[in-house]
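Colleague: Could you walk me through one part of this model in some detail? I'd like a close look at a single ligand site first, and then whatever helps to place it.

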Amino acid sequence: MTESLIEVNGLKKYFPIKSGVFGQKKQYVKAVDGVDFIIKPGEVFGLVGESGSGKSTVGHTILRLHEKTEGTVKFMGEDIFGVDKQRLRQIRPKMQLVFQDPYSSLNPRMRIGDAIGEALMDHGLADKGDIRDIVSETLEKCGLSHHYIDRYPHEFSGGQRQRIVIARAMALNPTFIVADEPVAALDVSIQAQIINLFKDLQEQNGLSYLFISHDLSIVEHLCTKVGIMYLGNLVEVADRTELFTHPLHPYTKALLSAVPIPDPTIKKERIILKGEIPSSVHPPSGCKFRTRCPFATDRCAQEVPALRDVGSGHQVACHYV
Amino acid sequence: MNSATVKHANHGQSTKRPSLWKDTWKKIRKKKLAMGSLYFLVFIFLFCFIGPFLSPYAGQSVNSAIINQPPSSLHWMGTDKFGRDVLTRLMLAGRISLTVGLASMVISIILGSALGAISGYYRGWPDTIIMRLADVLMSIPGLPLLLLMGALLSELKVEPEYRIYLVMLMLSFVGWPGLARLVRGEILTFREQAFMKATEVLGLKDRRKIFSHLLPNTVPLLIVVATLNVAGAILSESALSFLGLGVVPPAASWGNMIDSANSLIDFQQRPWLWVPPGFAIFLTVISINLLGDGLRDVLDPKMKQ
Amino acid sequence: MATPLLEIKDLQTTFYTEHGSVKASNHVNVTVNKGEIVCLVGESGCGKSVTAMSIMKLIEAPGVIEGGQILFQDQDILTLGNKALRNLRGNDIAMIFQEPMSALNPVYTIGDQMMEPLLQHTKLSKNEAYDKCIELMEKVGLSRTKQLMKSYPHELSGGMLQRIMIAIALSCDPKLIIADEPTTALDVTIQAQILEILKEINKELQTSILFITHDLGVVAEMADRVVVMYAGKVVEEGTVLEIFKEPKHPYTKGLLHAKPVINKFQERLYTIPGQVPDLSTLGDHCFFQDRCEYRMDICGQSMPALTSESTTHCVACWLYKEAPRKKGLKI
Amino acid sequence: MKEYIIRRVLISIPILIGTSFLIFYLFALLPGDYVDSNPSLTPQRAAELREFYGFNEPVIKRYFNWIAGIFHGDLGFSFQYQQPVTKVINQFIWNSFIVSIISLVITWIIALITGVYSAMKQYSIFDSFVTFFVFAAMSIPSFFIGLLLIKIFAIDMNLLPVGGMIDVGSNTTGLAHYVEIGRHMILPVFILVLLGTGSLTRYVRTSMLEVVRQDYIRTARAKGLKESKIIFKHALKNALLPCITLLAFELPALFSGAIIIEQVFNWPGIGQVQLESLNNRDYPVLMTFTMFLSFLTILGNLFADVAYAAVDPRIRLK
Amino acid sequence: TNNSNNTSSGQSSKVASIKDESLKAASPDSVPAKALNRKDTFIATLSTNPGGAFLPNFYKTGYDGNVSSPIFDGLVDINEKGEYTPKLAEKWEISKDGKTYTFHIRKNAKFSDGKPVTSEDVAFTLSILHDPSYAGDTDISRAHIIGGEDYKKGKAKTIKGIEIVDDQTITIKTDSVDVQALSILGGPVLSKAYYGKGYHFGNLDYLKDLYQKPMGAGPYKFDKYIPNQEVRYVANENYWNGAPKIKHFIYKIANENGLQYFQAGDVDFAGFTANADNLEQLKSVGFANIDIYTGTPISFISINNKKEYMKDAKVRQALNYGLNRQQIIDTVYQGYGEVANIPIAPVSWAYNDEGVRKFNYDPKKAKELLDEAGWKVGKNGIREKDGKKLELVYLSAKSDDGLIPIAKENYKEIGINLKPEFSDFNALVSKVDKGNYDLASFSTPMIMDPNDVVADYHSKNADKNNGYKNPALDKLIEEGQNTLDQEKRKEIYHKLYKEFADNPPIILLNYRKILNGVSSRIDGVKQDPYNGILSSLTEVDITK
Ligand SMILES: Nc1ncnc2c1ncn2[C@@H]1O[C@H](COP(=O)(O)OP(=O)(O)OP(=O)(O)O)[C@@H](O)[C@H]1O
Ligand SMILES: Nc1ncnc2c1ncn2[C@@H]1O[C@H](COP(=O)(O)OP(=O)(O)OP(=O)(O)O)[C@@H](O)[C@H]1O
Ligand SMILES: [Mg+2]
Ligand SMILES: [Mg+2]
């Protein structure tokens with residue numbers, strides 16, 4: 001078995017909501033409520049779930065952009081939360097992030113060449129004289145002309161900006177990238193370009209991704225392994241083909257069935273879920289999905305289903321699978 | 001490699017907009033009112049800073065033979081009660097009023113943005129201290145605070161010619177808390193923007209985060225606030241001078257020129273003493289305000305249509 | 001033969017901005033028949049919303065509706081006076097927007113905002129309007145209706161608000177609902193619920209729907225007919241089957257190919273190179289020519305008109321014109 | 001909400017304490033004391049008086065004496081007026097208040113109407129005119145316009161009184177009395193309105209323009225509502241939200257007295273008293289009054305937050 | 001215009017640029033109807049807001065003093081020459097040794113409540129001034145009453161030196177001869193019945209309630225105070241000299257607007273800064289009877305004698321010679337002032353400047369004196385001595401001190417760099433106390449006795465004052481203070497003024513002129529530098 005690149009164990013992230021006269025921290029948004037998974041080198045792990053299910057929080061906490069509440073995150077065997085600031089800064093270039101919103105992820109007042117090159121300079125990863133060349137090279141690698149190097153972000157379209165952001169991450173030669181819904185804001189035709197870029201970069205550089213998305217069709221296309229999140233927990237994790245052909249969790253099934261298919265001739269049976277995702281401040285007891293689950297029983301209200309292996313790495317958290 | 005190497009920039013906008021300044025200039029040039037104001041301000045500056053060299057009179061020297069003379073070909077704006085040429089004094093006063101306005105703006109901008117940036121960026125206890133201090137200062141009503149400082153600063157041994165620097169300091173001292181709050185607010189917003197998260201992910205140093213990323217983004221706001229501040233400072237200085245706490249004679253400021261003409265007879269029969277400084281203040285301040293408004297249109301994205 | 005309810009004829013809506021004039025609706029023709037769901041598809045910025053807003057004459061400065069006709073039940077909306085227009089808005093034609101949260105006024109209760117069109121357009125008393133609102137809310141699948149009436153928008157989730165928006169749209173029994181990307185901001189599971197409701201309404205009440213979206217999956221699910229827009233122009237139009245099974249315009253084809261489809265894994269996605277052009281700097285040529293695989297010389301010289309390929313299927317492309325066709329093209 | 005208010009109140013306490021100390025300390029730093037203001041005192045008597053008033057004690061001690069006094073409900077005794085400070089302030093503050101409140105009401109009415117109207121007619125001639133007027137009004141030095149108006153209306157045209165609050169020796173009562181005061185208020189109020197309307201109009205206009213662009217306004221149009229309803233029901237309430245804050249900030253201004261205007265118009269208000277007490281180092285008056293204003297500022301802030309929360313349901317929950 | 005009065009600066013003493021004069025109204029019938037309708041009221045301006053404590057010895061601002069004057073009479077009055085005359089006391093005697101005073105109160109002297117003024121009241125007035133809790137401005141120790149100090153310290157139950165002979169006669173014994181004593185002892189009398197109710201030794205707080213309810217034996221009774229607007233009085237029917245002719249009297253607080261009020265007929269009497277502008281303006285008011293006269297206050301520049309370089313009399317003389325005082329009067333007061341050469345106004349009985357050194361503007365002489373004192377002209381024309389530049393800090397409390405531009409030029413001429421500094425009055429006093437200055441602008445209050453001005457320059461006050469020490473002057477000051485005979489004092493002061501000028505502790509600037517306008521409908525207003533219009537208040541009458 002290959003060594004894992006990212007190892008997440010029992011990760012919890014609660015955001016306090018201040019309340020009470022003195023702002024005593026009474027209540028918590030349980031954004032991530034106990035998540036375990038492993039990403040191996042070269043693997044693309046897709047994280048899927050509805051809005052507010054905690055996908056971004058997982059991604060950001062792994063990068064220690066938030067402090068954790070509980071659990072561990074290991075990057076190449078090193079505990080991300082156990083290192084000091086100095087060391088963290090050293091690790092940073094190896095694990096990068098690509099954002100959803102191409103418009104706000106670039107500083108509007110900085111030339112893109114500087115935006116891409118500044119980290120190299122700050123970390124001393126390249127000679128000053130070489131930086132421009134590296135940046136040009138990276139731009140080309142990400143499908144942009146190197147002539148753009150001195151332009152400002154507002155001169156680019158959304159798709160181009162997303163390439164710039166990817167280039168900024170790639171310039172540091174990372175081994176792991178968290179991509180937080182990188183194509184959600186883009187048009188179909190541009191989406192395809194960016195997804196292909198991700199795929200190319202991954203294949204050429206042997207990168208690993210944590211690819212966050214709510215669009216199952218994109219995840220299926222890009223990821224090798226998929227985790228389904230619901231209200232801060234992973235409810236199902238499996239390899240791509242396994243998950244898409246044999247979904248086990250009722251939520252996964254509903255999710256898959258809800259994706260509209262661009263073919264008017266296919267009329268498939270839909271599982272329409274009742275209601276909406278409950279609040280993560282007061283999540284339902286037992287199985288969090290039970291309030292919307294068509295098969296929920298009393299047991300679901302009492303027992304929390306554990307994420308268990310049902311064979312060949314397919315994990316699921318449901319009492320009735 | 002990906003086939004989609006894009007050749008054209010966004011929306012075919014071939015016009016390169018290299019910097020904030022040029023961009024701003026380009027846009028502001030289209031605004032008639034703002035440009036008119038700008039030209040007027042340039043004129044006022046030349047008038048005040050070059051003008052006195054062209055005047056045959058010294059602003060300070062007293063000549064009791066020609067006191068309170070109405071405008072004539074010799075003294076285009078007449079003379080005052082010490083026989084000084086009003087036009088020359090108007091120009092000298094303008095230097096002071098403009099300097100006070102500009103300098104107090106610069107100081108409060110520096111003070112306000114530095115403190116606001118620290119407070120917004122580091123949060124925690126520096127934030128608490130700075131913001132509480134700002135709260136305290138802001139909860140003391142402005143004019144009493146100015147009066148107080150005016151009286152306090154007169155303790156320092158300063159010649160009247162240099163007293164304006166104190167006035168500037170005072171005005172900036174009163175001005176910074178509001179500005180610090182504003183900058184802090186901006187920085188807090190920017191902090192949450194993805195590009196600031198990116199600086200974290202990239203592992204950039206704090207210095208770079210603040211100076212290359214945060215502060216440059218507050219520049220548009222600062223420019224707008226700065227212009228409006230200049231106007232405010234000129235008005236405040238004139239009010240202080242009127243109350244005898246601002247710039248002190250014989251050094252002239254527009255405010256104390258009006259003040260020294262506040263007797264009934266001056267007011268009724270010697271308009272040349274108070275009309276020129278009054279209008280100088282009015283026109284300068286309105287120009288600055290209109291320019292500031294134009295800049296706001298151009299620079300503040302929230303104001304864009 | 002279907003009777004047209006709404007006919008947009010040669011609509012030209014232009015925005016006069018600092019950077020030039022943006023022809024957002026550039027000679028657009030769309031027809032919506034009674035009881036029909038027409039989907040308007042296209043990428044961001046291609047003029048879908050502008051076209052929809054033009055129907056209601058909701059275009060504001062710097063936008064101007066410069067030409068064309070919008071016939072609703074054979075009456076040209078563009079010539080209506082303010083009062084007649086108000087009687088039409090919310091009454092005969094209702095609208096649903098993309099962001100339900102911002103489409104509702106944060107400082108008034110749901111009930112207040114729901115009752116407004118009823119009080120404006122019908123002779124119902126306040127109490128009757130209230131009852132009607134409760135009824136409407138139940139119809140769109142909301143429960144605890146009385147409590148919801150008293151709530152403020154920020155207290156509800158996006159899905160609930162969008163249902164409220166639909167309920168408001170339904171309140172005066174409109175003949176046409178214009179839904180501008182009503183599900184784009186919602187999760188798939190919620191989207192499925194909303195689409196279900198809209199379809200039901202269409203079936204039950206025979207309400208025509210002009211459905212705007214950029215999600216081809218949704219189109220396939222909802223549409224009777226599809227209109228594809230690109231850069232302010234309609235480039236193809238046809239029944240849903242025609243568009244999905246025999247797309248003609250290279251752009252339509254590209255869109256269909258570029259979208260990854262669930263359970264149809266591909267190694268590489270098809271991509272349309274380049275991006276949507278800037279609408280303010282367009283010349284007199286096919287707007288898609290610089291991204292088109294099948295580009296011919298004529299494409300750079302002249303604009304193809306929308307021509308019928310069959311009674312229901314039209315396309316604007318030189319490939320299907322008298323101009324020399326490339327032989328052996330695989331489409 | 002209740003917790004929120006309590007928390008806001010508690011935060012205000014350290015600010016108030018900080019403010020009081022800062023003010024006290026600054027006053028203490030001022031050179032000279034009350035005794036200095038009487039040049040005819042013999043040096044011996046001056047020394048005796050300093051001892052008597054406790055001017056020789058350290059600042060900290062004086063501060064705590066003062067604080068202790070406050071807790072005993074004793075705000076001090078004015079040197080200059082030889083009356084309890086509360087009485088002095090009470091005597092003059094209402095004169096200032098009446099001018100301020102009337103100007104405030106008129107200012108708001110005018111600003112709301114012109115602000116909304118010019119937002120609705122953005123870029124029209126009216127709007128340009130208003131914009132220009134607004135900036136003009138913002139740019140006039142108050143004393144300048146004050147003196148000018150006295151010259152025109154009181155001296156040259158002899159239409160209005162020169163200054164003061166009542167005619168000399170007047171014994172009018174009832175309605176006639178109010179009419180008399182009203183006549184004396186016309187010019188000061190006019191100037192305060194002129195100075196105040198400008199920025200407020202601008203504020204309302206900006207706020208209104210912002211709101212008019214919101215989606216829910218489009219929704220309201222799409223519902224077929226009348227334009228007046230759209231403006232006055234949907235837009236105005238939202239546009240006024242930020243203005244409410246502004247209104248609460250006006251609270252201290254209502255009582256602070258317009259020093260310059262009072263000076264120019266010989267209005268017997270608190271502003272003049274404040275200036276005099278500063279010049280004479282009448283600390284009890286000065287301290288109490290400044291603290292009172294600070295307190296009102298803090299209270300105004302508090303009101304602003306609470307009022308905002310009360311009218312904006314989005315904030316209520318937090 | 002005023003330039004015609006601009007007589008050369010080199011002229012000798014006592015020739016005022018503008019003569020004291022009374023100008024009759026040009027068109028006495030043009031009195032505004034508003035004023036004519038006022039049948040029984042006389043209104044005068046009060047130029048600044050009073051404080052509100054209208055009780056002699058207790059008020060804290062001079063304007064409160066003005067307000068209380070018509071209400072309270074003293075035992076002794078002062079006439080237009082500054083001499084003491086009888087008021088509530090029909091006469092008084094001073095013992096041979098000059099230490100015992102016996103006052104005989106008029107039989108018909110009554111407070112406005114009808115009760116007679118008695119010795120008890122005088123004794124009461126004097127004893128509360130000795131109360132340890134007395135926080136007013138009057139320095140009773142200057143009266144030197146025997147036993148006063150013991151009483152104050154609580155060592156004695158009564159003041160030994162005060163003896164009530166009978167209801168109308170009171171004797172006060174002092175332990176040293178002092179010219180100041182009479183004015184203090186003979187000051188306003190407070191009614192014991194009214195003000196003594198509830199008095200306990202060591203606690204005068206109860207009086208605070210009465211500050212705004214004054215009651216005395218003056219010509220007018222207090223009616224009403226409208227804060228910062230006006231003070232109203234009604235005639236006192238019980239006044240010993242007969243009730244005033246006009247029933248109502250009002251002080252209108254006019255601040256800067258005095259002239260406008262006068263013009264509009266709102267007031268009948270108004271006082272102004274004397275200058276050509278104001279005079280011209282007043283003349284244009286046709287119904288104004290105008291008076292210009294020299295007042296007692298003196299403007300001067302205090303020289304900080306504590307500074308080593310000021311210790312040389314030559315330097316101080318040079319500062320005097322080097323300043324063109326006439327020019328200052330000409331510009332600042334437009335000629336309506338008078339150069340002061342001795343520290344007493346010409347209106348006083350003590351005025352005599354014969355043979356006194358006069359510092360007529362003489363830059364040459366000033367330069368010579370500075371040269372002699374060792375101050376040599378250095379670079380850029382500023383004099384230096386032992387590496388120190390002759391740069392003098394000039395403190396002023398007037399925001400528009402017209403002296404500055406002139407003095408700066410004058411002094412530059414003789415090689416002195418004048419550095420003006422501005423602060424408010426209290427700050428100025430405080431700086432002067434601390435010795436942080438070279439020159440400071442001052443003006444004396446109203447001067448009743450020549451001793452009032454010069455006493456400050458006695459060596460014993462040097463620490464508190466400007467540090468001036470001159471044994472010769474000390475001796476003369478003491479002599480002047482301890483002599484009661486006016487004729488003898490005249491001689492003493494003449495000598496004193498010579499010494500004062502030769503070794504000047506200050507730069508005397510000028511005597512100020514007073515300019516008043518009275519409406520022609522009012523008759524009988526007499527004014528003098530010591531009392532203003534108060535002495536004639538009972539005589540004033542309305543003619544129209
Ligand atoms: N900084 C924060 N403070 C408080 N709550 C937060 C914070 N960040 C996220 N949350 C809350 O945590 C929960 C999970 O948020 P998260 O952004 O991880 O969801 P997500 O799955 O990424 O959703 P989306 O698809 O909308 O991006 C949400 O309820 C969100 O409101
Ligand atoms: N108020 C406006 N001012 C200027 N240009 C506008 C305005 N509204 C729309 N446009 C322009 O009109 C064109 C069409 O816009 P429209 O909103 O119709 O696009 P859309 O197809 O609805 O896109 P999306 O999918 O992003 O909603 C765009 O290029 C846009 O820039
Ligand atoms: Mg997210
Ligand atoms: Mg749209």
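Colleague: How do the residues of the shell around ligand 2 divide into nonpolar, polar and charged?

Modeller: Bear in mind that this is a predicted model. For the shell around ligand 2, the split is six nonpolar, five polar and three charged residues. In all, 14 residues surround the ligand, and the closest are Ser44(C), Gly45(C), Ser49(C), Val50(C) and Glu181(C).

Let's go through the polar atoms there. Ser44(C) uses its side chain: an N or O atom in it sits 2.6 Å from an oxygen atom of ligand 2. With Val50(C) the backbone is involved, a polar atom of it being 2.8 Å from a ligand oxygen. Lys48(C) also comes in through its backbone, with a polar atom 2.9 Å from an oxygen of ligand 2. As for cover, ligand 2 on its own exposes 620 Å², and the protein buries 66% of that.

Now for where the shell comes from. The elements of chain C that give two or more residues to it are strand E1 (4-17), strand E2 (20-33) and helix H1 (48-55). H1(C) has the largest share, three residues. Lys48(C), with its backbone contact to the ligand, is where that helix begins, given its range of 48-55.

It helps to put the site on chain A beside this one. Ligand 1 has 13 residues around it, and Ser51(A), Gly52(A), Lys55(A), Ser56(A) and Thr57(A) come nearest. That shell divides into three nonpolar, seven polar and three charged residues. A serine side chain turns up here too: an N or O atom in that of Ser51(A) is 2.6 Å from an oxygen atom of ligand 1. Two glycines offer backbone atoms to ligand oxygens, Gly52(A) at 2.8 Å and Gly54(A) at 3.0 Å. The protein covers 62% of the 630 Å² of accessible area that ligand 1 has by itself. Strand E2 (25-39) and helix H1 (55-62) of chain A are the elements that give two or more residues to this shell, and H1(A) supplies the largest share, three residues.

The two chains that carry these sites also touch each other. Here 41 residues of chain A are in contact with 45 residues of chain C, and the area buried between them is about 3700 Å², with carbon and sulfur atoms giving 57% of it. On the chain A side, Val188(A), Pro262(A) and Glu276(A) lose the most area to chain C, together 16% of what that side buries. Five salt bridges cross this interface by the rule used. One of them joins Arg270(A) to Glu196(C), with the closest N and O atoms 3.8 Å apart. There are also 20 residue pairs in polar contact across it.

Which elements does chain A bring to that interface? Helix H6 (188-205), helix H7 (216-222), helix H8 (240-245) and helix H9 (250-258) each give two or more residues to the side that touches chain C, and H6(A) gives the most, with ten. By class, that side has 17 nonpolar, ten polar and 14 charged residues.

Chain E is not part of this picture: no contact joins chain C and chain E, whose closest C-alpha atoms lie 48 Å apart. No contact joins chain A and chain E either, and there the closest C-alpha atoms lie 45 Å apart.

Notes
Residues are numbered from 1 along each chain as its sequence is written. Chains are lettered from A and ligands numbered from 1 in the order in which they are written. This is a predicted model: local features need pLDDT of at least 70, side-chain atom pairs count only at pLDDT 80 or more; totals for chains, interfaces and linings use all residues. Side-chain values use heavy atoms; hydrogens and water are left out. Contact means heavy atoms within 4.5 Å. Buried area is the accessible area (1.4 Å probe) that two parts lose on being put together, summed over both. A salt bridge is a side-chain nitrogen of Lys or Arg within 4 Å of a carboxyl oxygen of Asp or Glu. A polar contact is a pair of N or O atoms within 3.5 Å; within protein, one must be able to donate a hydrogen and the other to accept it, and residues adjacent in sequence count only if both atoms are side-chain atoms. Helices (H or I, at least four residues) and strands (E, at least two) are DSSP runs, numbered from the N terminus. Ala, Val, Leu, Ile, Met, Phe, Trp, Tyr, Cys and Pro count as nonpolar, Asp, Glu, Lys and Arg as charged, and the others, Gly among them, as polar. A residue is near a molecule or strand if one of its heavy atoms lies within 4 Å of it. Accessible areas come from the Shrake-Rupley method with a 1.4 Å probe; for residues, only the protein chains shown count as cover.
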